Each structure stands twice: as structure tokens, then as C-alpha cells.
Amino acid sequence: MAAKPAIDLSISNPTQAGISLPDPFSIASVENHRYTPQASGALPARTAIAQYYAEEFQSQLSPDRILLTASSSEAYSYCFKLIANPGDTILIPQPSYPLLQFLIEAEGLVAKPYPLHEVLGEWILDREALLHHLTPDTAAIVLVHPNNPTGHFLTEADLAWLREISQNRCWLISDEVFADYRFDGHKANSLATLNAHNAFTLSGLSKICALPQMKLGWIVLPEDPQIRRHMELIADTYLSVSSPIQSAAASWLAARKSFQQPISDRIQQNLSTLGQSLANTPWQLMPIQAGWAVILRGPTHLEEEALVLSLLERGFSVHPGFYYDLPFEPCLVLSLLTPPENLAQGVAAILAS
Ligand SMILES: Cc1ncc(COP(=O)(O)O)c(C=O)c1O
């Protein structure tokens, strides 16, 4: 059995990547003296989240449309509990984040992939294939916007089309946890701004403030008092968000740029290293619009699984593309949070393969 790899090229936990992040407790005073639970979460936290949508997406949302959860993963599970019955199908993008399938199956639902195609480094939603997969048992279409690991946003036209085809047919759930990490001034919209009556938008502090340890996510609900009441019943059953974290959330969100800046600096530095190291090699750095991950596409004579195992033996752990159902081989998915010295060594090992 291979020894524990010394170097993790897939590290996506910002608290363990050697990034100098602000001390969250120097930003927020965390109050814990009283417990006054509210199903949808404390109003100051929900108001701060509404403010976030106003500042980032020029979208005026009532705090009544926000419901707090302990993470985006939990936000998914609340949506699935509300909108689907056991055995229903949830459409998910392929490639995408592997946890989706587990979150869906944990609710007794069936995950069905719809394809994204890569054309000259751009990812395109296959509308025809999606329509083909949309059947009467489809409860929802999940959008990962921007997607992990492709790092692409859906286009405005795609969002409008998805809204149109889903109306009176199924729900839309948009996972926007990486929306703030967009590059080259890329402008992107949030599904929350479309005010669709069948749309849920998910996000949370784990990426927006690089605070996965604080366990705070949320759902932007459609503007519908009945949906809100039903979602509150689900949330009230667990009351899973801790009160001290709710009391601190507004200050952390207000300081989000100070958490994001060191992460963005690390990402830019790593992208530049990768660009330089892979130039004039058989490896290709796939372009990204956003996110914390990047795909390296390798020469076709290499076999993906064998490559990843050989890197493991040499002390490097990295995600193979098949882990995300990427439609080409060989490719590797690297985290852009990787410490630069580790990345340089990892790239040297990859190029030597
Ligand atoms: C696309 C995507 N959504 C959601 C999550 C999970 O976020 P949270 O920590 O809020 O559950 C991740 C984690 O990496 C992710 O990549």
C-alpha cells in the first residue's frame, strides 16, 4: 500500500492550505448568551445575506426570502425534502461536483446526469440532451454556477432558457458557492436575480468567506409564502445553525473581500505558475472563468488512473478527471489553493510522467 502522500494537490480546505486569512474572531464578536431559535434564522444574518445579493448582483431581495442552513450541502437536502418524493429524479450537470449524487441518493432520489460539452476550452450546455432527460418524474434541475471543476458559468441565455423550460414543470436549484471567485472581470448573474417562482439559489460562507469551519449556508427561496412556511417547517425540525455563528455572520459577510483577497491572490499566483510551466509541453491548462479548481489535460498516451496511482507512489495526491465525470482522458483536477511550492513540485512530477 502506498504511504500517505506528502503533497496534496487537491486541497480545497482554505484553512489548511497555508493561506494567511484574517482571524474571523477579530472581525466578529460572537454572542452566545441567549438562545432564541428561529426556523429561518436570525434576521440580522438574513438581512446581511440580502445585502450581499444587492451588492454583488444588484438584486433586491427581502430577507424573508432567505433561510439559513448549516452548509450548502444541507441546503440541497432541505430543497430535496421539500420538492421531491422518494424515487423522483434530479437532473445534475456532468461533469460536476461528485457529492451531488450522494446528496440526492441520501434523500431517496435518483440522480440523472445531463451533459456539458467542451468545445475549444468552452463548456456548453447541451440543451437538446437536457430536454431529452426532462421527464414527468424530474423534480428538479441542479445548476452548478459556476461549475466545479470546469470553472464555467452558465450564460445569461442558458439561464433564461432554463427558466422558461422548467416553468410549471420542475424546480431549479442553483449552487452558486463559487460565484465570487470570478476572473478577468467576468460578469455573471445569479439565478436569484431572475425571481423565478420555481427557483432556489444556494450559497454559504464556506467559500464566500473561506470559513468552512463556521458551518453557515443558505437558500434564497422563491417569493411564495407557502414555500417559505414549508421550508421553515423542515428547518425547524433540525434548527441546525448555531446561534453564535448566526450572530457573527453579518460581520463576516461585510468583511468578505478581506477573506477572498488572499485566496484570489493564491489562485492568480498558481494560475500563472501553471501557465508558465505547461507552456510548450504536451499538457494543456483548461481556461476557467471562476472557482478554486483547474483541469489539466494530458497527452493521450498516458492512462489517467495509472498516472494518478504513479503520482501517489511518488508522494502526490491529485484527483483524476473521472472523479468528476470529465468527458475526456487523461486529465487531472488540481486545487488552485495548493501551496505554491507544492504545486511547483507536483507539476514537475506530472511533467516527468
Ligand atoms: C459546487 C459545490 N457546492 C457545494 C459545496 C459544499 O459547500 P458547503 O461547505 O457549503 O456544504 C462544494 C464544496 O466544495 C462545492 O464544490
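Guide: Two strands pair if DSSP finds at least two bridges between them, and we shall use that idea throughout this predicted model.

Visitor: How many bridges join strand 2 to strand 9?
Guide: Strand 9 covers residues 217-220, and Ile-66 of the neighbouring strand stands opposite Val-220 in strand 9. Strand 2 and strand 9 run antiparallel, and the number of bridges that join them is four.

Visitor: Which strands stand at the edges of the open sheet of eight strands?
Guide: This sheet has mixed pairing, and its order is 2-9-8-7-6-3-4-5. An edge strand has a single partner strand, so one side of it is left without a neighbour in the sheet. The strands that fit this description are strand 2 and strand 5.

Visitor: In which sense do strand 3 and strand 4 run?
Guide: Strand 3 spans residues 89-94 and strand 4 spans residues 110-119, with six bridges joining them. One facing pair places Ile-92 opposite Pro-113 in strand 4. The direction in which strand 3 and strand 4 run is parallel.

Visitor: Which residue in the turn between strand 4 and strand 5 has a positive phi?
Guide: Strand 4 and strand 5 pair in the antiparallel sense over four bridges, and His-117 has Ile-124 in strand 5 as its bridge partner. The two strands form a hairpin with two residues between them. The turn residue whose phi is positive, at about 50 degrees, is Leu-120.

Visitor: What angle does helix 2 make with strand 2?
Guide: Helix 2, made of residues 43-57, lies across strand 2, strand 8 and strand 9. Its direction, set against that of strand 2, gives an angle of about 115 degrees.

Visitor: Which strands are the edge strands in the open sheet of four strands?
Guide: Here the order is 10-11-14-13, with antiparallel pairing. Inside that order, strand 11 and strand 14 pair over five bridges, and Ala-293 stands opposite Ser-335 in strand 14. The strands that pair on one side only are strand 10 and strand 13.

Visitor: Are helix 10 and helix 12 roughly parallel or roughly antiparallel to each other?
Guide: Helix 10 (residues 256-278) and helix 12 (residues 340-351) pack with their axes 10 Å apart, at an angle of about 25 degrees. Angles under 35 degrees count as roughly parallel, whereas those over 145 count as roughly antiparallel. Helix 10 and helix 12 are therefore roughly parallel.

Note on methods
Residues are numbered from 1 along each chain as its sequence is written. This is a predicted model: local features need pLDDT of at least 70, side-chain atom pairs count only at pLDDT 80 or more; totals for chains, interfaces and linings use all residues. Side-chain values use heavy atoms; hydrogens and water are left out. Axes are lines fitted to C-alpha atoms, for helices over the stretch in contact, and angles run from 0 to 180 degrees between N-to-C directions. Angles under 35 degrees count as roughly parallel, over 145 as roughly antiparallel, 65 to 115 as roughly perpendicular and the rest as oblique. Contact means heavy atoms within 4.5 Å.
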